[in-house]
Amino acid sequence: MSMNIAVASGKGGTGKTFFSTNLFYSLRQMGYSSLLVDCDAEAPNSFIFFPVKKLSEDVVTEYRPVLDRSNCVLCGKCAEYCNYHAIFFLPAMNKIQLLDDLCHGCAACSVACNYSAIRDSYKFIGKVTSYKTDEDGACMFEAKMTPGVSSPVPIIKSAVKMAVKQANQQNADYVILDSPPGTACPFIQTASHADFVVLVTEPTPFGLSDLKQSVDTLKTMGKEMGVVVNRAGLGNRDVYQYLEKESIPLLGEIPFNKKVALLYSEGKIAVKELSSLQVIFEDIVKNIVSYGNSSN
């Protein structure tokens, strides 16, 4: 069974996608079969760093109830069952209305209704596209949310499910989950599927603040984690002191390097171009593999 590794950060711009794509490439160069899933469904971009060919595109839909007023007796049970307050019910004015933007598609209202006043329908909310690389046929999955949809969580869930299924069929070693930034529901959904979470941070006050939020969230989820410090050499030592205090393993440091930033801006895999960076990623891979072996 493959090991699922989520790459996350408490804030945007720390180098999460840079790390994910270079980790994916490094793993395969070192002989580990791997898959990459871009879970940042609002702005996916992992696949642009590789020459890829589209394999399939799967539509993701979400349940949406439709109210049939001809059968509704205004009992209010549907509103009572809805934990998301997506049903506006005002009995004094015989008013009931479904609020689509608040609906999470749980179908509790359909279960609650005994008068066939709730009809089932499904809304297109996004898609999951699978790719293979021209170089080695590695599978990549991209979650992409339809503009205007309130939450990318169902699309992320579908993308991870497809990738894990493919990984099991291929007997892959690792599935890399490039998580959305932040610590909200999309991050939690991605991390929930992970066996290990790599938090990418930077040695700055903002980096430390958001790192703490990520760590606190993962601790409540009972997730094992390690940290990679990107742009090492900038800022101060507060991040390192925090990791030591919390007994969180430091998986590696990626020094600040303008050449790396330039390569990334050109859509290139930096470890291909810089031998010094390749050595750093090989060491990080060894640390991750060591964790996986110790947990088995």
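**Close-ups from a predicted model**

**View 1. Arg-64 and Asp-100 meet in a salt bridge, N to O at 2.9 Å.** Keep in mind that this is a predicted model. The pair ties together distant parts of the chain, 36 residues apart. Arg-64 sits in strand E3 (residues 52–67), while Asp-100 belongs to the loop between strand E5 (95–98) and helix H3 (108–112). Is Arg-64 buried or exposed? Arg-64 has a relative accessible area of 7%, so it counts as buried. Asp-100, at 33% relative accessibility, is partly exposed.

**View 2. Asp-100 also forms a salt bridge with Lys-123.** Here the closest N and O atoms are 3.0 Å apart. Once again the pair links distant parts of the chain: Asp-100 comes from the loop between E5 and H3, and Lys-123 from strand E6 (residues 118–133), with their positions 23 residues apart in the numbering. Lys-123 is partly exposed, with a relative accessible area of 29%.

**View 3. Glu-62 joins in by pairing with Arg-64.** The closest N and O atoms of this salt bridge are 2.9 Å apart. Glu-62 has a relative accessibility of 13%, which is under the 20% cut-off, so it is buried. Which residues make up the network of salt bridges? They are Glu-62, Arg-64, Asp-100 and Lys-123. As a general point, side chains of opposite charge can pair when their charged atoms come close. Across the structure there are ten salt bridges.

**View 4. The largest cavity has a volume of about 110 Å³.** It is one of three cavities of 30 Å³ or more in the structure. Its lining takes in 15 residues, and those nearest the centre are Pro-65, Cys-82, Ala-86, Cys-103 and Cys-109. Which elements give two or more residues to this lining? They are E3 and H3. How many charged residues line the largest cavity? There are none: the lining has 13 nonpolar and two polar residues.

**View 5. The second largest cavity holds about 80 Å³ of space.** Lining this cavity are 13 residues, with Cys-72, Cys-75, Cys-78, Cys-113 and Ala-117 closest to its centre. By class, the lining of the second largest cavity breaks down into eleven nonpolar residues, one polar and one charged.

**View 6. Pro-152 lies in the loop between strand E7 (139–145) and helix H4 (153–170).** With a relative accessible area of just 6%, Pro-152 counts as buried. Leaving aside residues up to four places away in sequence, what does Pro-152 touch? Its contacts are Ala-41, Glu-42, Met-145 and Pro-186. For a sense of distance, Pro-152 and Thr-183 are 31 residues apart in sequence and 14 Å apart in space, C-alpha to C-alpha.

**View 7. Asn-257 caps the N-terminal end of helix H8 (residues 258–265).** A side-chain oxygen of Asn-257 lies 2.8 Å from the backbone nitrogen of Lys-259. And what follows H8? That would be Gly-267, which has a positive phi, near 75°.

Terms used
Residues are numbered from 1 along each chain as its sequence is written. This is a predicted model: local features need pLDDT of at least 70, side-chain atom pairs count only at pLDDT 80 or more; totals for chains, interfaces and linings use all residues. Side-chain values use heavy atoms; hydrogens and water are left out. A polar contact is a pair of N or O atoms within 3.5 Å; within protein, one must be able to donate a hydrogen and the other to accept it, and residues adjacent in sequence count only if both atoms are side-chain atoms. Helices (H or I, at least four residues) and strands (E, at least two) are DSSP runs, numbered from the N terminus. A salt bridge is a side-chain nitrogen of Lys or Arg within 4 Å of a carboxyl oxygen of Asp or Glu. Buried means under 20% relative accessible area, exposed over 50%, partly exposed in between (1.4 Å probe, protein chains only). On a 1 Å grid over the protein atoms alone, a cavity is a set of points where a 1.4 Å probe fits but cannot get out, and a pocket is an open set with protein on both sides within 12 Å along at least five of seven lines; lining residues have an atom within 4 Å of a point. Grid points are joined across faces, edges and corners, and a volume is the space filled by probe spheres set on the points. Ala, Val, Leu, Ile, Met, Phe, Trp, Tyr, Cys and Pro count as nonpolar, Asp, Glu, Lys and Arg as charged, and the others, Gly among them, as polar. Contact means heavy atoms within 4.5 Å.
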